[in-house]
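Biologist: I am new to this model, and I would like a close look at the place where the two chains meet. Please take me through that part slowly, then point out a few other spots to visit.

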Number of protein chains: 2
Amino acid sequence: MVATGDGAHAAHSHGTHAAHGRDSQHEWASVLSGGRGNHAHEHAGRETVDEHAARIRAMTETVLAMASELVPLADALYRVTAEAVLSPVDLPLFRNSQMDGFALRREELAVLPASFPIVAEIPAQPGIPAPLAPGTAARIMTGAVAPDGATVVVPVENATVEDGVVTVESVPSESYLRERGSDARAGDELLPAGLRLASRHLAVIAAAGLDEVTVRRRVRVGILTTGAELIEPGTPPATGQVFDANAVALAAAIDAAGADVGYRERVADDVVAFSAALERAVAVCDLVVTSGGISEGAYEVVRETLEPLGARVVHIQMQPGGPQATAVFDGTPIIGFPGNPVSTQLSFEILLAPLLRSVAGLPAAVVERRELAVSVTSVPNRRQYLRARLRPDGTVEPVSGPGSHLVAGLAASDRLIVLAESAGFVAAGEIVETLLL
Amino acid sequence: MVATGDGAHAAHSHGTHAAHGRDSQHEWASVLSGGRGNHAHEHAGRETVDEHAARIRAMTETVLAMASELVPLADALYRVTAEAVLSPVDLPLFRNSQMDGFALRREELAVLPASFPIVAEIPAQPGIPAPLAPGTAARIMTGAVAPDGATVVVPVENATVEDGVVTVESVPSESYLRERGSDARAGDELLPAGLRLASRHLAVIAAAGLDEVTVRRRVRVGILTTGAELIEPGTPPATGQVFDANAVALAAAIDAAGADVGYRERVADDVVAFSAALERAVAVCDLVVTSGGISEGAYEVVRETLEPLGARVVHIQMQPGGPQATAVFDGTPIIGFPGNPVSTQLSFEILLAPLLRSVAGLPAAVVERRELAVSVTSVPNRRQYLRARLRPDGTVEPVSGPGSHLVAGLAASDRLIVLAESAGFVAAGEIVETLLL
């Protein structure tokens, strides 16, 4: 301890200290904040990642339940069917020709070769052709209505024509006629409920004459980013200001998880402003995600606003992403993530994205077991998510230190190495679990 | 041959026939169309799938080349960077605290425990704090500007506070200070060119203060569906009419392949109308896809319009999807697919989607080798794409006959079984190549 004379108070060592850190924090926070609010932080026995994830799942279960809406087919790509799609019609709608060729009566091909005058031409177009008289042929195009009486189509390449007469030398092995209803009958299930619609699914819905489909409504997620230091990217920063990466990154992550951004606002560290923003957000969203404002310091606007309302603000056994919060505001789930962009992105990926993806019919994140290229030492009592990338030899290596501030490191990663709470030292060559980003 | 007296002409067997099927087709088409157009169909030696795919790749190479555009970050999810993104600033922008705690001079912790008066409080906010005088401590929040003179931050949980004095009992193993530029330096490459942007990439771009990014322009594809028999889904059909499934299904397939639909129109079997539609489409699209109108019959509007202009209309060794066409119209590539929706979807998937996905930075379709659940017999001289699904035991089975009309069958599939041109009979239990849909 160095004592100097330039205005600093002499430092004294006190014989007695406050009993332990936690009480000092309470005391300090109390001193700074003028004693307001409830500071019963959950320090005894940190929750695990899985426990916190389960809490989030439980509190969002209702809002993620399957409300549905009718949308035009043109807007239905990648939406998830809310109910089975039944065909309103027989498909094909009418008996038609599978080939370009000649419509004939099969029994008239008993003796070959056989020749017939071509008495009609039937293109694929609206209208009902005249019945096929015995002893005659009708030139018919693919998809055209088959005339009554015809029981076979001889493909054009298996027939010869001269002077308006067609001659057939061999009997086709099949009729080349598509019977009405041979693809689907009216009332048949074309597609099941819970199916994420790709183009081939839209094709069958349209082919059945439907122009709309009932799908699961997309979840609307609100985003509130907090921090007096935040400014919009693209504006020149004063010292102390940082660009708000979370607004755009959370919006993109929500979109990628199959949900919609229902509301977005950046709020300063002001409880009144934050409460007002929350009210606006919950009015139009199924759930709201916040970033920042939940740590141990002062000026933690999310914690200060929501703890008096019964929010749980905890530290979970996760790194990065220890500080976490959950609350209900006007009946709407609020999920509070830490403010550092890497922590925010990983908190979203681990704790919320799986639920949203499930609603949207998206596959879960891919888990692979890979060999470590270098040894790592994990932080005790934390499940650690190391930013990593796949090497050409198939091993994985961390791309940056485990510290949570390296947003460029996260951008350079394609995977997370997941180290269990008790992992300790893990040597190069050992197999680890990785999550594909 | 049955002769009847009810008005049909007596059928006669001619002693001489036209030499072979092809000449008869030419003669017939000539008779029907009044002799117009060039009918040099490519029958001698059908092209393979790969040859035709290579032709399409060659003719679209220029339009798929990497034009770029600047887009706001909010619109950049899943876009592909056209150039490397360089950081315009150092990250972090300023030296800041990684923890909530107390900023101190490390050398003042040589003798422990050490106590310091807390002379300042530094939140994360704009502004430059006063330098830290020797012998003093500043309370500092995560992300706040580190005061000049401070060389370490002691986390709040490792300190005790009483009466405005903080006491430290152990020296932190690290500084918990993030130096300016420790994540990235101005000029560093944050992201490479050719990267498909996910939310974590947008996070680093925003964190560097950028609100726009230069990305590859999305390919604009036009869709012209042809057929006098086509009507819009949702309208009541007359006999002979079928719902236009291709318009919506191709639009969705193009979107799913990472491109935009630049133009869409349904055209009747009329050369004048089709030419006019083509002119409108090529004015706003990089390439145009057509469905229908390229078969062997009469009223084949795509063939009839484009063959005089030098189009190639061929049958390739593919099933479904034998009839194919390629043309250039006003310098724009035109790719003609057959009209049956299953053939259209599969033609797009095999011949065009891979090129579009590559431009859009999307992964190629997954190829897996799977065991056949039942035996199949392929069509000789055709590469066959059987609609199939994965069974719970991991084998694959066809979901419907190989015929090209079963649009409900395609919808029920999740894979294609690819059978080589020479496959013949393939027994249950053998391993086949499958393409994931």
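Modeller: Happy to help; we begin with the contact between the chains and then move on to some local features.

A word on the ground rules: this is a predicted model, in which local features need pLDDT of at least 70 and side-chain atom pairs count only at pLDDT 80 or more, while totals for chains, interfaces and linings use all residues. Residues are numbered from 1 along each chain as its sequence is written, chains are lettered from A and ligands numbered from 1 in the order written, and side-chain values use heavy atoms, with hydrogens and water left out.

Now to the meeting place. Chain A brings 109 residues to the contact and chain B brings 112, where contact means heavy atoms within 4.5 Å. Together they bury about 9,100 Å², with carbon and sulfur atoms giving 64% of that area; buried area is the accessible area (1.4 Å probe) that two parts lose on being put together, summed over both. Between chain A and chain B there are 16 residue pairs in polar contact, both residues at pLDDT 80 or more. A polar contact is a pair of N or O atoms within 3.5 Å; within protein, one must be able to donate a hydrogen and the other to accept it, and residues adjacent in sequence count only if both atoms are side-chain atoms. On the side of chain A that touches chain B, the largest share is eight residues from helix H3 (residues 199–207) of chain A. Helices (H or I, at least four residues) and strands (E, at least two) are DSSP runs, numbered from the N terminus. By class, that side of chain A holds 55 nonpolar, 34 polar and 20 charged residues. Ala, Val, Leu, Ile, Met, Phe, Trp, Tyr, Cys and Pro count as nonpolar, Asp, Glu, Lys and Arg as charged, and the others, Gly among them, as polar.

Salt bridges tell another story. Between chain A and chain B their count is zero, although the structure holds 47 over all chains; each is a side-chain nitrogen of Lys or Arg within 4 Å of a carboxyl oxygen of Asp or Glu. One of them joins A:Asp90 and A:Arg180 at 2.9 Å, N to O. These partners are 90 residues apart, with A:Asp90 in the loop between strands E3 (85–86) and E4 (96–97) of chain A and A:Arg180 in the loop between strands E11 (177–178) and E12 (189–191) of chain A.

Finally, the backbone. The peptide bond from B:Leu91 to B:Pro92 is cis, with omega near -5 degrees, and B:Pro92 sits in the loop between strands E3 (85–86) and E4 (96–97) of chain B.
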